[in-house]
Amino acid sequence: MNAKLDTGVTTRPVTRETFDEVLVPTYAPAAMVPVRASGLDLWDQNGKHYLDFTSGIAVTSLGHCNPVIVDALTRQANTVWHLGNGYTNEPVLRLGLALTEATFADRAFFCNSGAEANEGALKLARKYAHAKFGPHKSRIVSCLSSFHGRTLFTVSVGGQSKYTEGFEPLPPDIHHIPYNDIEAARAAIGDDVCAVIVEPIQGEGGVIPGDPGYLQALREFCDNTGALLIFDEVQSGVGRTGSLYHYMDKGVTPDILTSAKALGNGYPIGAMITTDEIAHAFAPGSHGTTYGGNPLAATVALNVLAMINQPAFLARVKEASAKLFAKLTKLSADYPQVFGQARGAGLLVGLPVTGEFKGRAKDITKAAEALGLMLLIAGPDVMRFAPALVVSDAQIDEADRILRAAVESELNTAPSK
Ligand SMILES: *Cc1c(COP(=O)(O)O)cnc(C)c1O
């Protein structure tokens, strides 16, 4: 059946080395190549089993190959795949209704990634401010160590200069302030600011929760100056913290919210949601993307939302979170020379490494991987735990057991001074 594909395309076997041969070297992937997965279980090319506590970076929240999502996607794949923006489609209309009914928002724009959702949010904020106040109101305020994506605009708005080096000239009129610093925000958010963009928990920047009061203060400064408050919930959203979106835990409502990652459970989709008034700064022709709100992606996201936005599902996320935090607190107490205090919310948890292990979070995740546990880092000093939200208590116990073995092996191989 694949004879044509095999002979017409390539017959060469693919391995990890193929990556170094033919892919643009934007990543340094692990030595093992995953080939199959189900729930939190994953197998590599050699048939070795891993427990996945990464969820593809907080994406596959319902587990790999979730049968309900596979069924919905398969049925849609046999119905209609793509139409283009000259036509709307039923799945995207249902998804728009579901997302606006579930949140503060009145309107949704769909795209394909988190970066694109933020690009749309920033463009919308500029357009809104230009129309309402004039072109002088163009400045964007963002936080140091934030991450908002890799397009030139979003990477410039992001607060990690290592990601913009060499890409100059960068878009102007972007101002960075330290995260969780209310006085810096007060000073920066003047009348020339069109938007303040913030992650309610900084994910890539080290899993750093916004302080109570900080997001509230940003809300107040935005209200005082007419700037729009954008919450980037690409990582914190869609149930990850135990609420549908983390703003609901924080009691602060943004003007624009961006979502992606878990929204598609691995099928690419991004969303920017906002109020009716702000949405009207865009008109037909202002912004768009070919695949945005494609029936396949919209069907997947609709089913993801239907499964995650249930009180019992979200309550279980909080329960699993408490269990994971308890395990990590005990781990830190048992290995104070290796770990600081766990932080984060729900099942987005950061565990800083300390002392001689500073800068070596990756070494510990590598040791864990060798023992069959996949983990993330968030910078060189923080281990990051983002298991699927359907993680069981037994899987949390198993991750703890493997992680302890990994730490023991690292302690035994640590360079002695
Ligand atoms: C991952 C991430 C993005 C970028 O999303 P992509 O889908 O990779 O473009 C933006 N913001 C935050 C907070 C993220 O975690």
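Helix H15 gives the largest share of the lining of the largest cavity: 4 residues. This is a predicted model, so to speak of cavities is to speak of what the predictor built. The volume of that largest cavity is about 50 Å³. Its lining is Phe53, Leu324, Lys327, Leu328, Phe385, Ile396, Ala399, Asp400 and Leu403. Two helices, H13 (311–334) and H15 (393–413), each supply at least two of those residues. By class, the lining has 7 nonpolar residues, no polar ones and 2 charged.

How many cavities of 30 Å³ or more are there? The count is 2.

The second largest cavity holds about 30 Å³ of space. Around it sit Ser146, Phe147, His148, Gly149, Thr154, Val155, Gly158, Gly159, Gln160 and Tyr163. The split here is 3 nonpolar, 7 polar and no charged.

Keep Phe147, His148 and Gly149 in mind; they are among the residues lining that cavity. They are also among the residues around the ligand.

Now the ligand itself. Its shell is Ser113, Gly114, Ala115, Asn118, Phe147, His148, Gly149, Glu199, Asp232, Val234, Gln235 and Lys261. Those divide into 3 nonpolar, 6 polar and 3 charged. Which helix gives the most to the shell? Helix H6, residues 114–132, with 3 residues.

Next, backbone contacts. A backbone N or O atom of Ala115 is 2.7 Å from a ligand oxygen. For Gly114, a backbone N or O atom lies 2.8 Å from an oxygen of the ligand. On the nitrogen side, a polar backbone atom of Phe147 is 3.2 Å from a nitrogen atom of the ligand. As for cover, the ligand has 380 Å² of accessible area on its own, and the protein covers 82% of that.

On to the second largest pocket. About 930 Å³ of space lies in it. The lining counts 36 residues, and Asn85, Val92, Ala108, Phe109 and Phe110 are the closest to the centre. Helix H5 (90–102), strand E4 (107–111) and strand E12 (270–274) each contribute at least two lining residues. H5 gives the most, with 5. The classes are 16 nonpolar, 18 polar and 2 charged.

Last, confidence. The mean pLDDT of the protein chain is 96. Of its residues, 97% reach 70 or more. Where is confidence lowest in the chain? In helix H1, residues 3–8, at a mean of 59. Strand E11, residues 256–259, is the highest, at 99.

Methods. Residues numbered from 1 in each chain as written. Predicted model: local features only at pLDDT ≥ 70, side-chain atom pairs only at ≥ 80, totals over all residues. Heavy atoms only, no water. Near = heavy atom within 4 Å. Polar contact = N/O pair within 3.5 Å; in protein donor to acceptor, adjacent residues only side chain to side chain. Areas by Shrake-Rupley, 256 points an atom, 1.4 Å probe, with all protein chains shown as cover. Nonpolar A, V, L, I, M, F, W, Y, C, P; charged D, E, K, R; others polar. 1 Å grid on protein atoms, 1.4 Å probe; cavity = no way out; pocket = protein on both sides within 12 Å on 5 of 7 lines; lining within 4 Å. Points joined across faces, edges and corners; volume = space filled by probe spheres on them. pLDDT = per-residue confidence, 0-100.
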